[in-house]
Amino acid sequence: MKVLLIGSGGREHALAWKIAQSPQLTALYAAPGNPGIAEEATIVALDIDDHAAVVDFCRKESIDFVVVGPEAPLVAGLADVLRAADIAVFGPSAAAAQLEGSKGFTKDLCARYGIPTGAYRRFGEADPAKAYVREQGTPIVIKADGLAAGKGVTVAMTLDEALAAVDECFSGAFGSAGAEVVVEAYLDGEEASFFCLSDGKTVLPLASAQDHKRVGDGDTGPNTGGMGAYSPAPVMTAEMVERTMNEIIEPTVSGMAESGHPFTGVFFAGLMITAKGPELIEYNVRFGDPECQVLMMRMKSDLLPLLYAAATGTLDGMEIEWHDEAALTVVMASRGYPGSYEKNTPIGALPGASATTKVFHAGTAIKDGRLVATGGRVLNVTAIGPTVSDAKDAAYACVTGVSWENGFYRRDIGWRAVARERT
Ligand SMILES: Nc1ncnc2c1ncn2[C@@H]1O[C@H](COP(=O)(O)OP(=O)(O)O)[C@@H](O)[C@H]1O
Ligand SMILES: [Mg+2]
């Protein structure tokens, strides 16, 4: 099978690394790619926003299958254009990608099918939204409806904060993403991420993970794209997984099919495990970054036939095997991130992969023959071990092998699971 992978982050490096191990693969191409992905794939100079150019490339190179990593091309309809050209593609249609592209769309689906989630209302103007906030009281959660790069949500503890968040959305701080606002009830509990593949009818559960959004140790400081993750998430017991499948994922799949927009691709459910059980915070319609990196480390099965089955409606009867071990990834970022940071800082030595560790590239590039950091999140140092504590020790031991002066990282990735393992 000839495969084109779309994306350039650590998530896509992990996908490329795993796909490259498939006996079914005959050639792997990637666009835009990065230097890590280039070790696994042939990088092609393709503008991925130019959907016609992507189709042309696939025809010219006889690509059998396209795997889309990030959400933006999906929301922009790249999967639709490829499907219309009879090219198999992993990732949902633009209509189904609304599960990530519009928080209000997902909340309405939950309401229609009785999927557990916080009570909510949608608003197109500030005044009624503020009146509702006053009526509900705090804590309360204010969300820009559209894609806001992880910055559109305010968990407000005070009324002032909540009202300011409503104003911020409608002032255009998030562009068109904030033209509509969802106000929702605060859910108390422990968060977890849960991943499944869907071919539109059948779902195959993958695994759970937990991430660390805040930039600083002890979950302090501003939010980031994610500073580390581990899998599995101890809070996702077998019972919670079963309830999540029955109460959240299955009704979503049948609801989307019923609406005429069956969902194919990967569900990334953001969950709050409350006293009542799992409740849906949000859906993402692609693998998480850095959650994908730990899932790929733990996956024993060949990934490529699973993705292809999800894309072609043949997931029924497929099985998946996992390593019993836990995996953990530490994100190394440029000093200053998530604020401004210096670009093109040199990265010296990187530790080579071992049987239990692997460094995935995110924001790196080769400039004048040298590896440099070009992004905020730059490297994902990933390890597998018998427990989360073991994986953590192995990942941090591997971090010491990275020589990059402008890099920093959190020192407590996995703390919640490590604390549980101690007791
Ligand atoms: N109803 C809620 N109750 C409590 N916390 C929430 C709620 N909704 C969101 N959050 C918190 O805000 C974070 C971001 O919200 P989310 O809906 O996942 O938006 P996005 O990832 O698109 O920024 C969540 O990971 C969670 O920590
Ligand atoms: Mg989220």
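A polar contact here is a pair of N or O atoms within 3.5 Å. With that cut-off in hand, let's look around this predicted model.

**View 1. Polar contacts of ligand 1.** A polar side-chain atom of glutamate 191 comes to 2.5 Å from an oxygen atom of ligand 1. Glutamate 282 also takes part through its side chain, where an N or O atom is 2.9 Å from an oxygen atom of the ligand. Leucine 187 uses its backbone instead: an N or O atom there lies 2.8 Å from a nitrogen atom of ligand 1. On its own, ligand 1 has 540 Å² of accessible area, and the protein covers 80% of this.

**View 2. The shell around ligand 1.** Zoom out a little and you find 14 residues surrounding the ligand, with Lys103, Lys143, Glu184, Leu187 and Glu191 the closest. Sorted by class, the shell holds eight nonpolar, one polar and five charged residues. Strand 7 (140-144), strand 8 (153-156), strand 9 (181-185) and strand 16 (277-284) each supply two or more of the shell residues. Ligand 1 lies between domain 2 (125-179) and domain 3 (191-312), because both give residues to its shell.

**View 3. An open sheet of three strands.** Now we leave the ligand for an antiparallel sheet whose strand order is 18-21-20. Strand 18 (345-346) and strand 20 (364-367) are the edge strands, each with a single partner, so one side of each has no neighbour in the sheet. Four bridges link strand 20 to strand 21 (residues 370-373), and the two run antiparallel. To find one of these pairings, start at threonine 364, whose bridge partner in strand 21 is alanine 373.

Conventions: Residues numbered from 1 in each chain as written. Chains lettered and ligands numbered in written order. Predicted model: local features only at pLDDT ≥ 70, side-chain atom pairs only at ≥ 80, totals over all residues. Heavy atoms only, no water. Pairing = 2+ DSSP bridges. Near = heavy atom within 4 Å. Polar contact = N/O pair within 3.5 Å; in protein donor to acceptor, adjacent residues only side chain to side chain. Areas by Shrake-Rupley, 256 points an atom, 1.4 Å probe, with all protein chains shown as cover. Nonpolar A, V, L, I, M, F, W, Y, C, P; charged D, E, K, R; others polar. Domains from an automatic or database assignment.
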